[in-house]
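Trainee: I am new to this structure and should like a close look at a single part of it. Would you please take me through that part in one connected account, and then set it beside its surroundings?

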Amino acid sequence: MPRNIYSHALGVERRDGTRQFVVSRVVDASAGRVWDVLTDTTRWDEWGPSVAAVDCPTRYVHEGMTGRVRVSRTGLWIPFEIDSYVDGEETKRWTWRVARVPATGHRVDALGEQCRVTFEVPLVAAGYVPVCRRALDRLARLVESRGPDV
């Protein structure tokens with residue numbers, strides 16, 4: 001299959017009564033592979049431009065999990081909590097609060113051998129959209145370079 005060259009999509013969606021920006025990209029990897037990287041806290045610094053390190057009790061995200069994330073530019077440790085987690089067959093999604101403030105949502109929608117990865121950004125955090133675009137590109141490079149699913 002030829003390498004995916006889809007560009008980013010940017011839009012606004014309403015979820016749980018609130019509007020948010022959504023930035024997404026189609027990735028040449030299975031939803032399961034992408035979900036594994038998105039939920040593995042030991043890999044967040046590989047794809048998240050604003051994440052330098054993560055400190056939490058478990059490796060993989062689950063609802064109610066708490067921990068702290070070190071921000072790349074400042075080096076500050078900031079607490080987080082995973083406030084929703086859905087590992088569905090077609091759609092997978094987790095959201096979190098950082099310093100008790102609703103932060104990005106992370107969604108993966110299966111598209112056969114590919115998937116669409118979407119980051120949901122609160123409207124008040126519009127300046128974070130370019131960071132999410134970079135994160136999507138970094139994530140795509142990670143998962144597309146690993147070879148076929150096993």
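Mentor: Let us begin with Val129, which, leaving aside its neighbours within four places in sequence, is in contact with Leu10, Phe21 and Val121. The model is a predicted one. Val129 is found in helix H3, and with a relative accessible area of 8% it falls under the 20% cut-off and is therefore buried. Val26 stands 103 residues from Val129 in sequence, and the C-alpha atoms of the two are 17 Å apart in space.

From Val129 we may turn to the helix that holds it. Helix H3, residues 129-144, packs with helix H1, residues 31-39, at an angle of about 120°, and the axes of the two are 10 Å apart. Two packed helices are described by the angle between their axes and the distance between the axes. H1 and H3 are therefore oblique to each other. The crossing of H1 and H3 is right-handed. On the side of H1 the contact is made by Arg33, Val34, Val37 and Leu38, and on the side of H3 by Leu139, Leu142 and Val143. By character, the residues of this contact of H1 with H3 divide into 6 nonpolar, no polar and 1 charged.

H1 itself is mostly covered, with 7 of its 9 residues buried. The buried residues in H1 are Ala31, Arg33, Val34, Trp35, Val37, Leu38 and Thr39. Among them, Leu38 deserves attention for its contacts. Not counting residues up to four places away in sequence, Leu38 touches Trp44, Trp47, Trp94, His106, Val108, Val117, Phe119 and Leu139.

This leads to the interior. The largest nonpolar core has 32 residues, of which Val34, Leu38, Trp47, Val117 and Phe119 touch the most other members. At least two residues of this core come from each of strand S2 (18-27), H1, helix H2 (44-47), strand S5 (77-87), strand S6 (91-98), strand S8 (114-122) and H3. H3 gives the most to this core, with 8 residues. The helix with which we began is thus a partner of H1 in packing and also a contributor to this core.

Strand S8 may be followed further through one of its residues. Thr118 is found in strand S8. A relative accessibility of 1% means that Thr118 counts as buried. Leaving out residues up to four places away in sequence, Thr118 touches Val22, Val23, Ser24, Gly105, His106, Arg107 and Asp109. His106 is also among the residues that Leu38 touches.

Val22, one of the residues that Thr118 touches, leads in turn to Gly11. Gly11 is found in strand S1, residues 9-15. Beyond its neighbours within four places in sequence, Gly11 is in contact with Gln20, Phe21 and Val22. Gly11 and Val22 lie 11 residues apart in sequence, with 5.3 Å between their C-alpha atoms. Phe21, for its part, is also in contact with Val129. Gly11 counts as partly exposed because its relative accessibility is 22%, a value in the range between the 20% and 50% cut-offs.

Loops complete the picture. Val61 is found in the loop between strand S3 (51-55) and strand S4 (66-71). Its relative accessible area of 4% places Val61 among residues that count as buried. Val61 touches Thr39, Thr41, Trp44, Ile82, Tyr85 and Trp94, not counting residues up to four places away in sequence. Of these, Thr39 belongs to H1 and is itself buried, while Trp44 and Trp94 are also touched by Leu38. Val101 is 40 residues from Val61 in sequence, and their C-alpha atoms are 18 Å apart in space.

The loop between S6 and strand S7 (101-111) holds Ala99, and the place of Arg100 is in the loop between S6 and S7 as well. Ala99 has a positive phi of about 55° although it is not a glycine. Arg100, likewise not a glycine, has a positive phi of about 70°. With a relative accessible area of 40%, Ala99 is partly exposed. Arg100, at 77% relative accessibility, counts as exposed, because that value is over the 50% cut-off. Val129, by contrast, is buried, and so the account ends at the residue with which it began.

Methods
Residues are numbered from 1 along each chain as its sequence is written. This is a predicted model: local features need pLDDT of at least 70, side-chain atom pairs count only at pLDDT 80 or more; totals for chains, interfaces and linings use all residues. Side-chain values use heavy atoms; hydrogens and water are left out. Helices (H or I, at least four residues) and strands (E, at least two) are DSSP runs, numbered from the N terminus. Buried means under 20% relative accessible area, exposed over 50%, partly exposed in between (1.4 Å probe, protein chains only). Contact means heavy atoms within 4.5 Å. Axes are lines fitted to C-alpha atoms, for helices over the stretch in contact, and angles run from 0 to 180 degrees between N-to-C directions. Angles under 35 degrees count as roughly parallel, over 145 as roughly antiparallel, 65 to 115 as roughly perpendicular and the rest as oblique. A crossing is left-handed if the near helix is turned anticlockwise from the far one by less than a right angle, and right-handed if clockwise. Ala, Val, Leu, Ile, Met, Phe, Trp, Tyr, Cys and Pro count as nonpolar, Asp, Glu, Lys and Arg as charged, and the others, Gly among them, as polar. A nonpolar core is a set of buried Ala, Val, Leu, Ile, Met, Phe, Trp, Tyr and Cys residues joined through side-chain atoms within 4.5 Å.
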